[in-house]
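The following exercises ask the reader to work through parts of a predicted model. Each task is followed by a worked solution.

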Amino acid sequence: MHLQYYLYCHSYQFKCGIIQQAFAKYPIGENWQVDRFRAILVSRWERIFVVFSVFAAVAFFAVAIGLRIPGPPFRIGINPWLGYEPLLVARDALALDPKIVRVVDMSSTTETIRALQNGILDAAALTLDEALLLKHSGTQIRVLLVADISNGADAVVINPRATEALSVQGARIAFEGKAMGAYMAARMIEKMSLHPNDVKLIEAPIDRQERLYVSGEVDGVITFDPIRTKLLSLGARQIFSSRDIPNEVLDVLVVRDQSLDSNPAAIRHLRDAWEFGRKKLVALDPALAAGVTKRTGLSEPELRAALKDIAFPNAEESETLILGSGQRLAETSLKLWQIMQRYGISPSGAPTPMISGEVHR
């Protein structure tokens, strides 16, 4: 406070000196109009500097007692997948405050992972295998909750006109590159007793897959809803899905350690908003269904059918998966990592990345 008063006094004296110089050639008492103007001007300068000093003092004490100016909102990235709709449903219903948590729509999982690694995002919705690879790369993350478990919503679909009825040998199949796309390809090849050279895998981001299929540039795609349902409606044939590998394809919300420790209020708000959106989506609340159908491009009957292939654990179920006595998430992570190593998706011999959970309310 003494510093603020000192600055105020010296600033005031400096300004008054300028005024005195400006009126030096008009001594007081010789011109009443100049005298009046001088009095008004000095009075205004006094008021300005009093206000300035008050604001400066308030700012000084605010910092001294630890008050903080609100920073940018907590940012979570998601890509187009029906299993991440609870966040968007919550946003539609205004249950997710964008001033606290902002949902960032990403075009692909690869883009999401890169943004999380670079600190552009605080959190992200990822498949478990993607989270494991991210942890292995050195990014410090924790699992906030288990978002969903795919029970058929991730699939390999092919054009029956481009392939023989019972064979996919020689088919050109688009997939999203690393992580889940490669994992689904590897598990399909194993389950269907194929050789890796029997199919030609073509890397393509998720937002290009439908166009590549429709144009005939590929014979099939490894994809997920809503694109899976759209292609099935166009006559595509599903030859493999996450239903064939139960509990292997699941999604988690992960958060960077640094962001978790510095944004507890945002974490609570995100968790509450997810649970709100989950309930509304599972019940397909009529007031919010229009927003989901518009985003996904699915009709309401198609949406209802697609949701049957996804399980959305509630808060208690999610916590049990992460921290329960069975440690199911850790067990699934170990099995998943071993399969990923077998097919060269993750480094051979590397220990399974352990991602701790953060479920405290």
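**Exercise 1.** Determine in which sense strands β3 and β10 pair, and place them within their sheet.

*Solution.* Step one: strand β3, residues 123-127, is joined to strand β10, residues 250-256, by five bridges, and the pairing is antiparallel. Step two: within this pair, L126 of the one strand lies opposite V252 in β10. Step three: the open sheet contains six strands, ordered β2-β1-β3-β10-β4-β11, and its pairing is mixed. Step four: β2 (101-105) and β11 (310-311) are the edge strands; each has a single partner strand, so one side of each lacks a neighbour in the sheet.

**Exercise 2.** State whether E130 is buried or exposed, and identify the side chain with which E130 makes a polar contact.

*Solution.* Step one: E130 belongs to helix α5, which covers residues 128-136. Step two: a residue under 20% relative accessible area is termed buried. The relative accessibility of E130 is 4%, and E130 therefore counts as buried. Step three: the side chain of E130 makes a polar contact of 2.7 Å with the side chain of T127.

**Exercise 3.** Explain why the buried residues of helix α13 line one face, and describe their surroundings.

*Solution.* Step one: in helix α13 (residues 315-323), the buried residues are S318, L321 and I322. Step two: viewed down the axis of α13, these residues fall within an arc of 95°, and therefore they line one face of the helix. Step three: the buried residues of α13 pack against β4 (141-150) and α14 (328-342). Step four: the exposed residues E316 and T320 are carried on the face of α13 turned away from its buried side. Step five: at the start of α13, a side-chain oxygen of N314 comes to within 3.1 Å of the backbone nitrogen of E316.

Terms used
Residues numbered from 1 in each chain as written. Predicted model: local features only at pLDDT ≥ 70, side-chain atom pairs only at ≥ 80, totals over all residues. Heavy atoms only, no water. Pairing = 2+ DSSP bridges. Helix = DSSP H or I, 4+ residues; strand = E, 2+ residues; numbered from the N terminus. Buried < 20%, exposed > 50% of the residue type's maximum accessible area, 1.4 Å probe, protein only. Polar contact = N/O pair within 3.5 Å; in protein donor to acceptor, adjacent residues only side chain to side chain. Arc of directions from axis to C-beta. Contact = heavy atoms within 4.5 Å.
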